[in-house]
Amino acid sequence: MIPINKVQDLIAKHDNLEKELSSGSIDTKLFAKKSKEYSSLGNIISYAREFVKFEKEKKSKEMFIHEAKTATHTAKIAAKAAELGYDALLASPDPTQYKGNDNHCKGTALFVKRDGLLAGGHLVAVPWDHDGHVLCYDHDLGRVVGVYLPTPTKKSRFAGTPWEPAYPQHAVRSTYDRELRSLLLDSGDDLLAFLGDCNVTPTAQDTSGDLWKGKHAEARDRWNVMIRETGLVDAFREKHPTARRYTSYQLPKNQPKSCATKWQSDIKPGRVDLCYVPRARAVRSAEVMDADGVFTTANMTRALRSDHVPVLVEIEV
């Protein structure tokens, strides 16, 4: 069988030739030669792309990060993970702290393949994570930090929680960002990846319209400073510097899912599910599984199954 890296090299060569030929700045003496080479590769490129896609899809995924909303939801996804050969590890708060009100206690779940490369690790306590938003998994090969972070809104928290009554959600998010910065810096060279539903759009390329404003803008600025200070890079942007891909398709407030196509003009998809890796760690691939990044009924239907679409990242360990 042809090594997959050879096929990937052919695809890269085809793509580079396409960019050169379409740039209009190529030397006329080389144009005919490169055009012929591009044409020859064009005869096999579709097969090459299908081969790479097949090889990626048949690989066993080492781990998944998933939002865990409630006890019932957690039990269901843990059972499904077991069927597929994964162990479920959960970061969740002590429900007694919330007096039965878990509106903001939406934890993070990590599924680790039992016979995989990263099996056999353990969770590390995150004492400041009152809501169960952060999961820290340590393994001999390194650390994975998974998150489902609070949305930075003006909505107030309820009374009877570790947070003071009427404590605004954006202030909770600010606390999380500050503590996360310390956790990531402390992880140092042991960090493999930092990923999850970050509820922030880092750049204008990550939304279909204007960037989120107000407290969202404050959170975005704070987030980008944190990423720079921790020396991390956005895995998706490393592979796709200019692409627009979206992971979250949110309906207008109080509108049922059946109205998805009716409210297209009001929906602003965003890329909020992010994966960051240390700058020195090679990213093999990073894809948002939203087909083509264009708002379509099919994409919306896929997203509404959980209100997000998957992100698949492959890094060197």
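**Notebook: surface, rings and charges**

I started with the outside of the protein chain: it exposes about 17300 Å², and carbon and sulfur atoms supply 53% of that area. Note to self: this is a predicted model.

**Entry 1, the overall picture.** I looked up the secondary structure next and got 8 helices and 11 strands in the protein chain. For burial, 41% of the 317 residues count as buried. Then I checked how far contacts reach along the sequence. Taking contacts between residues at least 6 apart in the protein chain, 71% of them join residues at least 24 apart.

**Entry 2, aromatic rings.** I ran a search of the whole structure for ring pairs, and 4 aromatic pairs came out. I picked F194 and Y276 to look at in detail. Their ring centres sit 6.1 Å apart and the planes are at 25 degrees; stacked needs under 30 degrees, so this pair is stacked. Where do the two residues of this pair lie? F194 is in strand β7 (residues 191-197) and Y276 is in strand β9 (residues 273-278), so the pair ties together parts that are 82 residues apart in sequence. I also looked up their burial: F194 and Y276 are both buried. There is a third ring to write down here, as W223 joins F194 and Y276 in one aromatic cluster.

**Entry 3, a nonpolar patch.** Back to the surface. I found L10, I44 and Y47 forming a nonpolar patch there, and together they have about 310 Å² of accessible area. I followed up on Y47, which lies in helix α3 (residues 45-58). Is Y47 buried or exposed? Its relative accessibility is 63%, and the cut-off for exposed is over 50%, so I put Y47 down as exposed.

**Entry 4, salt bridges.** I counted these over the structure, which holds 13 salt bridges. I went through three of them by hand, plus a network.

First up was E83 with K80: their side chains meet in a salt bridge at 3.6 Å, N to O. Both residues belong to helix α4 (residues 71-83), and they are 3 residues apart, about one turn of the helix. I then compared each accessibility with the cut-offs. E83 has 61% relative accessibility, so it counts as exposed. K80 has a relative accessible area of 46%, so I list K80 as partly exposed.

Next I took E218 and K215, whose side chains meet in a salt bridge at 3.5 Å, N to O. Here the helix is α6 (residues 215-229); E218 and K215 both lie in it, 3 residues apart, again about one turn of the helix. With 43% relative accessibility, E218 is partly exposed. K215 comes in at 24%, and buried would need under 20%, so K215 is partly exposed as well.

While on charges, I also noted a network: salt bridges that share partners join D206, D234, R237 and R271 into one.

Last of the three, I looked at R143 and D138. How far apart, N to O, are their side chains in the salt bridge? The value is 2.6 Å. I checked burial here too, and both R143 and D138 are buried.

**Entry 5, recap for later.** Two buried pairs to go back to in the viewer are F194 with Y276 and R143 with D138. On the exposed side I have Y47 and E83.

Note on methods:
Residues numbered from 1 in each chain as written. Predicted model: local features only at pLDDT ≥ 70, side-chain atom pairs only at ≥ 80, totals over all residues. Heavy atoms only, no water. Helix = DSSP H or I, 4+ residues; strand = E, 2+ residues; numbered from the N terminus. Buried < 20%, exposed > 50% of the residue type's maximum accessible area, 1.4 Å probe, protein only. Contact = heavy atoms within 4.5 Å. Areas by Shrake-Rupley, 256 points an atom, 1.4 Å probe, with all protein chains shown as cover. Phe/Tyr/Trp six-rings, centres within 6.5 Å; stacked < 30°, edge-to-face > 60°. Patch = residues over 30% accessible without salt bridge, like charges linked within 9 Å, V, L, I, M, F, W, Y side chains within 5 Å.
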